[in-house]
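Welcome! Here is a short tour to help you find your way around a new structure. Have a look at the sequence and the model first, and then we can walk through them together.

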Amino acid sequence: MAEPTREDERFMAAALRLARQHLGQTSTNPSVACLIVRDGVIVGRAVTAKSGRPHAETQALAEAGEKARGATAYVTLEPCSHHGKTPPCADALVASGVARVVISILDPDERVAGRGVVRLRDAGIKVDIGVLPEAGHQALEAYLMRQVSKRPHVTLKLAVSTDGMIGRKGEGQVRITGPVSRGQVQMLRAETDAILVGIGTATVDDPELTVRLPGLEDRSPTRIVLDRRLDLPVGSKLVRTARDVPVIVVADDAAVEAGTGDLDARAARKAALQAAGVEVLEAGSIADLLAALASRGISSLMVEGGAVAARAFLDADLVDRIQLYTGPLTIGKNGIASPFDRKSVPVGFRRVAEARYGDDLFEEYERET
């Protein structure tokens, strides 16, 4: 397409911001936004519903009604062209009489992959592709990762003291950062499909791993525990709330085969967890785990707790983003060392953001491409 106009970029930027509204809430579908604009005025707007359906385009067109005829539709991802549980959005746009469709990025889903654009153009609709594509890829990075690489996009979050510690042995959770930083982490949870901790964190801290911001409790992600031997206590908060918010325990048969557990006792622990509503997933590696999560429609994963879990993902080279919060606290004796701190960020990551949250320093790093 020709260079996008300032108006095109303005409306697409608004659509991309709207698309973030339901991140982590649209099941197997991406969180997509659509604006219907006529004579410079938004007459219809929508984001993919929390269940994943209806899609953004059909909702925005319904709001616009007859005003959609001759209008321009701004869509953050190529409209679908296949019949699934709902009719194709490309067909809905054609039927509405819109004159032009502006798309940020194409959909790599093999059922779409340019076919939506062809359907629109065959109907005589002008289609422009590639308005704010970098922002489009960022807004849809988790969905794109699952579609292209068949695994979730992984964010590693660490809170580290000034002396490079993430906790103190035998004391459970230690508050390293302040309330503003903790609020930021809660928002990240609310925008993420799943959150993961190691069994050490799950047993010592006994966390719930839910979203605790008032009004956003229903946005709690699926909770995952790396637990090779199935040691998660049935009385833990995670297990007790498994029927309210899903819990997946990731076990490894090889741990028993290697002599690190009794088969009968393990079978009993597995049965007890399953009876409480916990899903037990067998996975021999981090790569196997991520593939299994992707097959369940999980597009984004936040690794939040434990030096062992963090190191496992780093060693597997399967971390895409690092969010590092450095607090003013010095832990000192009996501290649990972080896998890294701001002076020793793993090779292959570049800093893309920095902010101050009270006394805390926040830094965000992304994998170099």
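Let's begin with a helix close to the start of the numbering. The 14 residues of helix α1 (residues 6–19) should span 20 Å at 1.5 Å a residue, and its end C-alpha atoms are indeed 20 Å apart, so the two values agree. Please keep in mind that this is a predicted model.

**Helix α1 and its two sides**

- The buried residues of α1 are Asp8, Phe11, Met12, Ala15, Leu16, Leu18 and Ala19.
- These buried residues cover an arc of only 155 degrees around the axis, which puts them on the same side of α1.
- Turn to the other side of α1 and you will find Arg6, Arg10 and Arg17, which are exposed.
- Among the elements that cover the buried residues of α1 are β1 (33–38), β2 (41–47), β3, β4 and α5 (133–139).

**Helix α3 and what surrounds it**

- In helix α3 (residues 89–96), Cys89, Ala90, Leu93 and Ser96 are buried.
- Their arc around the axis is only 125 degrees, which puts them on the same side of α3.
- The buried residues of α3 have four packing partners to look for: α2 (56–64), β3 (72–77), β4 (100–105) and α4 (115–122).
- Just after α3 comes Gly97, with a positive phi of about 85 degrees.

**Cys80, in the loop before α3**

- Cys80 sits in the loop between β3 and α3.
- Its relative accessibility is 9%, so Cys80 counts as buried, the cut-off being under 20%.
- Beyond its neighbours within four places in sequence, Cys80 is in contact with His55, Pro88, Cys89, Ala90 and Val112.
- From Cys80 to Asp91 there are 11 residues in sequence, and their C-alpha atoms are 8.8 Å apart in space.

**The nonpolar cores**

- In soluble globular proteins, nonpolar side chains tend to be buried together.
- The largest nonpolar core here has 33 residues, of which Leu156, Leu196, Leu289, Leu301 and Phe313 touch the most other members.
- Two or more residues of this core come from each of β6 (153–160), β8 (194–198), β9 (222–226), β10 (247–251), α12 (286–295), β12 (300–305), α13 (307–315) and β13 (321–326).
- A second, separate core has 28 residues, including Leu238, Met302, Tyr325 and Ile331.
- Not counting residues up to four places away in sequence, Phe313 touches a list of residues that includes Val154, Leu196, Leu226, Leu289, Leu290 and Leu301.

**Leu290, one of the residues that Phe313 touches**

- Leu290 lies in helix α12, and with 1% relative accessibility Leu290 counts as buried.
- Apart from neighbours within four places in sequence, the contacts of Leu290 are Lys150, Arg151, Pro152, Val154, Leu301, Phe313 and Leu318.
- Leu290 and Asp231 are 59 residues apart along the chain, and 21 Å separates their C-alpha atoms.

**The second largest pocket**

- Rolling a probe the size of a water molecule over the atoms shows where empty space is left.
- The volume of the second largest pocket is about 690 Å³.
- This pocket is lined by 35 residues, and the closest to its centre are Arg20, Leu23, Glu141, Leu188 and Glu191.
- At least two lining residues come from each of α5, α6 (141–149), β6, α7 (179–190), β12, β13 and β16 (360–367).
- Which element gives the most to this lining? The answer is α6, with four residues.

Key:
Residues numbered from 1 in each chain as written. Predicted model: local features only at pLDDT ≥ 70, side-chain atom pairs only at ≥ 80, totals over all residues. Heavy atoms only, no water. Buried < 20%, exposed > 50% of the residue type's maximum accessible area, 1.4 Å probe, protein only. Arc of directions from axis to C-beta. Contact = heavy atoms within 4.5 Å. Expected span 1.5 Å × (residues − 1). Core = buried A, V, L, I, M, F, W, Y, C linked by side-chain atoms within 4.5 Å. 1 Å grid on protein atoms, 1.4 Å probe; cavity = no way out; pocket = protein on both sides within 12 Å on 5 of 7 lines; lining within 4 Å. Points joined across faces, edges and corners; volume = space filled by probe spheres on them.
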